[in-house]
Amino acid sequence: DQLLPAARQSLGPDDELTLDINANLAQSLAIDPGRTRGDLRLNHAATTRSSFDLNTGDDLLEAETIIQDVIQRRRQVFGAAHPETLIDERVLSHVRAKLAARVDS
């Protein structure tokens, strides 16, 4: 929980590392249904951007908010065609699909 505020303060909210940390947080919140924020700090399990067994709780809504902000900043700083922007757009698509499925059930 201390890394992100420190990165924002020292590097700025639009720095690539800050954006990467935010994107990783959003993805981590969305990927593992049983993982809490505390678990994320203690257990740095390896995850890939293609493994989406997404959470159905409030973490999923938080993940959507975070990744939307990351995408907006990446577009402004690096452009819409940047590889990381495109990856994060796919992450957002998966999060939104899971949110939609949750509403439909």
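**Exercise 1. At roughly what angle do the axes of helix α4 (residues 58-77) and helix α5 (residues 83-104) cross, and within what distance do they come?** Then classify the pair and describe the contact.

Solution. The model is predicted.

Step 1. Two packed helices are described by the angle between their axes and the distance between the axes.

Step 2. The axes of α4 and α5 cross at roughly 155 degrees and come within 9 Å.

Step 3. Apply the cut-off: angles over 145 degrees count as roughly antiparallel. α4 and α5 are therefore roughly antiparallel to each other.

Step 4. Their crossing is left-handed.

Step 5. List the contact. On the α4 side it includes L60, L61, E64, I67 and V70. On the α5 side it includes E84, D88, V91, L92 and V95. By class, the contact of α4 with α5 has 9 nonpolar, 2 polar and 9 charged residues.

**Exercise 2. Describe the overall make-up of the protein chain.**

Solution.

Step 1. Count the elements. The chain has 5 helices and 0 strands. From the N terminus, the order reads α-α-α-α-α.

Step 2. Turn to burial. Of the 105 residues in the chain, 34% are buried.

Step 3. Take the surface. The chain exposes about 6200 Å². Carbon and sulfur atoms supply 52% of that area.

Step 4. Look at contact range. Consider contacts with a separation of 6 or more: residues 24 or more positions apart account for 56% of them.

**Exercise 3. Work out how α2 (residues 16-31) packs against α4.**

Solution.

Step 1. The axes of α2 and α4 come within 8 Å. They cross at roughly 155 degrees.

Step 2. That makes α2 roughly antiparallel to α4.

Step 3. The crossing of α2 and α4 is left-handed.

Step 4. Name the partners. α2 contributes E16, L19, D20, N22, A23, L25, A26, L29 and A30. They meet D59, L60, E62, A63, I66, I67, V70, R73 and R74 in α4.

Step 5. Sort by class. The residues of this α2 and α4 contact divide into 11 nonpolar, 1 polar and 6 charged.

**Exercise 4. Do likewise for α1 (residues 3-11) and α2.**

Solution.

Step 1. α1 and α2 pack at an angle of about 155 degrees. Their axes are 9 Å apart.

Step 2. α1 and α2 are therefore roughly antiparallel to each other.

Step 3. α1 passes α2 in a left-handed crossing.

Step 4. The α1 residues are L3, L4, A7, R8 and L11. Their counterparts in α2 are L17, T18, I21, N22 and L25.

Step 5. By class, the contact of α1 with α2 has 7 nonpolar, 2 polar and 1 charged residues.

**Exercise 5. Is N22 buried or exposed?** Place it in the chain, then trace its neighbours.

Solution.

Step 1. N22 lies in helix α2.

Step 2. The relative accessible area of N22 is 6%. The cut-off for buried is under 20%. N22 is therefore buried.

Step 3. Leave out residues up to four places away in sequence. N22 then touches L4, R8, I66 and V70.

Step 4. Assign these partners. L4 and R8 belong to the α1 side of the contact with α2. I66 and V70 belong to the α4 side of the contact with α2. N22 itself is listed in the contact with α1 and in the contact with α4.

Step 5. Compare sequence with space. N22 and I67 are 45 residues apart in sequence. Their C-alpha atoms are 7.4 Å apart.

Technical notes:
Residues numbered from 1 in each chain as written. Predicted model: local features only at pLDDT ≥ 70, side-chain atom pairs only at ≥ 80, totals over all residues. Heavy atoms only, no water. Axes fitted to C-alpha atoms, helices over the stretch in contact; angles between N-to-C directions. Helix = DSSP H or I, 4+ residues; strand = E, 2+ residues; numbered from the N terminus. Parallel < 35°, antiparallel > 145°, perpendicular 65-115°, else oblique. Left-handed = near helix turned anticlockwise from the far one by under 90°. Contact = heavy atoms within 4.5 Å. Nonpolar A, V, L, I, M, F, W, Y, C, P; charged D, E, K, R; others polar. Buried < 20%, exposed > 50% of the residue type's maximum accessible area, 1.4 Å probe, protein only. Areas by Shrake-Rupley, 256 points an atom, 1.4 Å probe, with all protein chains shown as cover.
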